[in-house]
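Take a look at the sequence and the 3D structure below. The report that follows walks through a few of the features.

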Amino acid sequence: MTNIRIAIQKSGRLSEKCLDLLGKCGLQFEMHKRMLIIRAKDHPVELMLVRDDDIPHYVRDGVCQLGIVGLNELEEKTGCSQAPESPVRVIRTLGFGHCRLSLAHPKGMAYEDASSYAGKRIGTSYPNILQRFLDKNSIDAKAVEITGSVEVTPSIGVADAICDLVSTGSTLISNGLVETDTIMKSEAVLVRSKRELKPEQEEFIAKLLQRIEGTLKARNAKYIMMNAPKSSIETISELIPGMEQPTVMPLMTDNDKVAIHAVAQEDVVWETMEKLKLAGASSILVMPIEKIVE
Ligand code: ATP
Ligand code: ZN
């Protein structure tokens, strides 16, 4: 019996990272081209592979109990995700798929502030989010809905400016566009339906959330080990980023030295290792951590 259905993007920027995250949470899927629904190995879970545009509605309507989607797509399809009337609930930001939705204009257009877009046609795939921004700031501009390459619309005369997703900004620059106002910041989020679910479904969601927590925490954390003179334990503890309690153990043959093991909550960069060495540490090892349960 299938307990939970999770909607993710079939193919696009978020697909691989979604599968990677779910895999780290113990949900393995055998992917087959053309298949829309895939059953997990050893878990009563199904993945539904769809266009990202459809995910908010599938979760809202209860076709899927969970979904992973960009906050931008969610807010376009279902309105502000924080609003009490929002039909789906964001239960976790996932730390990938970072981008921003920005206004941009061709180099030649005079710009002072966002009100410079008044009277302009703005090409966008996010007409609802754009309209909410224009209304909130009392800017009388026209949102022109475009599916496809928004960044070329000013050069072909379809729009005067654009409102599009940006990550590095290089696409805008190569199309002669200047980024101005950021309307929203986005990343991938885990969403659930607000409908009442069965107790076993709630249980699964709580467990999955815990595993996601453990996976995301582990992503930047490192396990660090070294030997050090007893006299430097304090200095060394202060150098390890985000460390709580180190384990300090005696060495078999050297009474003046100890072994220090610790979990660093952030990456341990070369500079930190060099400082540790200067503080007297030796045989410094830094290792990745896969999962954390606290
Ligand atoms: P689909 O075929 O599923 O409709 P799509 O073309 O709408 O795909 P993608 O381009 O794969 O979507 O982007 C999916 C999501 O990735 C976006 O909605 C956004 O949340 C995120 N994203 C991260 N960086 C960027 C970027 N530079 N440009 C566009 N989207 C980005
Ligand atoms: Zn899409």
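## The zinc site

Asp53 counts as partly exposed, because its relative accessibility is 22% and the buried class ends under 20%. Asp52 falls on the other side of that cut-off: at 18% relative accessibility, Asp52 counts as buried. The model described here is a predicted one.

What coordinates the zinc ion (ligand 2)? Asp52 and Asp53 do, through their OD atoms, at 2.0 to 2.1 Å. Four donor atoms surround the zinc ion (ligand 2), and they subtend angles of 77 to 175°. That spread makes the arrangement irregular. For a tetrahedral label, all angles would have to lie between 85 and 135 degrees. Ideal angles for four tetrahedral donors are 109.5 degrees.

## Domains

The domain assignment splits the protein chain into domain 1 (4-96 + 188-218), domain 2 (99-186) and domain 3 (222-288). How far apart are the C-alpha centres of domain 1 and domain 3? They lie 39 Å apart.

## The largest pocket

The largest pocket has a volume of about 1100 Å³. Its lining is made by 38 residues. Nearest its centre lie Arg13, Asn72, Tyr126, Asp164 and Leu165. Four elements give two or more residues to this lining: α3 (71-78), α4 (127-136), β9 (161-166) and α5 (170-174). The largest share comes from α3, with four residues.

What kinds of residues line the largest pocket? Ten are nonpolar, 17 are polar and eleven are charged. Where does the pocket sit? Domain 1 and domain 2 both give residues to the lining, so the largest pocket lies between them.

## Helix α3

Is α3 enclosed or open? Seven of its eight residues are buried, so α3 is largely enclosed by the rest of the structure. The buried ones are Leu71, Asn72, Glu73, Leu74, Glu75, Glu76 and Thr78. Asn72 also appears among the residues nearest the centre of the largest pocket. After α3 comes Gly79, and its phi is positive, near 85°.

## Helix α5 and Ser174

Ser174 is found in helix α5. Is Ser174 buried or exposed? Ser174 is exposed, because its relative accessible area is 59% and the exposed class starts over 50%.

Ser174 can also be compared with Gly242. The two are 68 residues apart in sequence. In space, Ser174 and Gly242 are 40 Å apart, C-alpha to C-alpha.

Definitions and conventions. Residues numbered from 1 in each chain as written. Chains lettered and ligands numbered in written order. Predicted model: local features only at pLDDT ≥ 70, side-chain atom pairs only at ≥ 80, totals over all residues. Heavy atoms only, no water. 1 Å grid on protein atoms, 1.4 Å probe; cavity = no way out; pocket = protein on both sides within 12 Å on 5 of 7 lines; lining within 4 Å. Points joined across faces, edges and corners; volume = space filled by probe spheres on them. Nonpolar A, V, L, I, M, F, W, Y, C, P; charged D, E, K, R; others polar. Domains from an automatic or database assignment. Donors = N, O, S within 2.8 Å, 3.2 Å for Na, K, Ca; no water. Tetrahedral: all angles 85-135°; square planar, octahedral: opposite > 155°, others 65-115°. Buried < 20%, exposed > 50% of the residue type's maximum accessible area, 1.4 Å probe, protein only.
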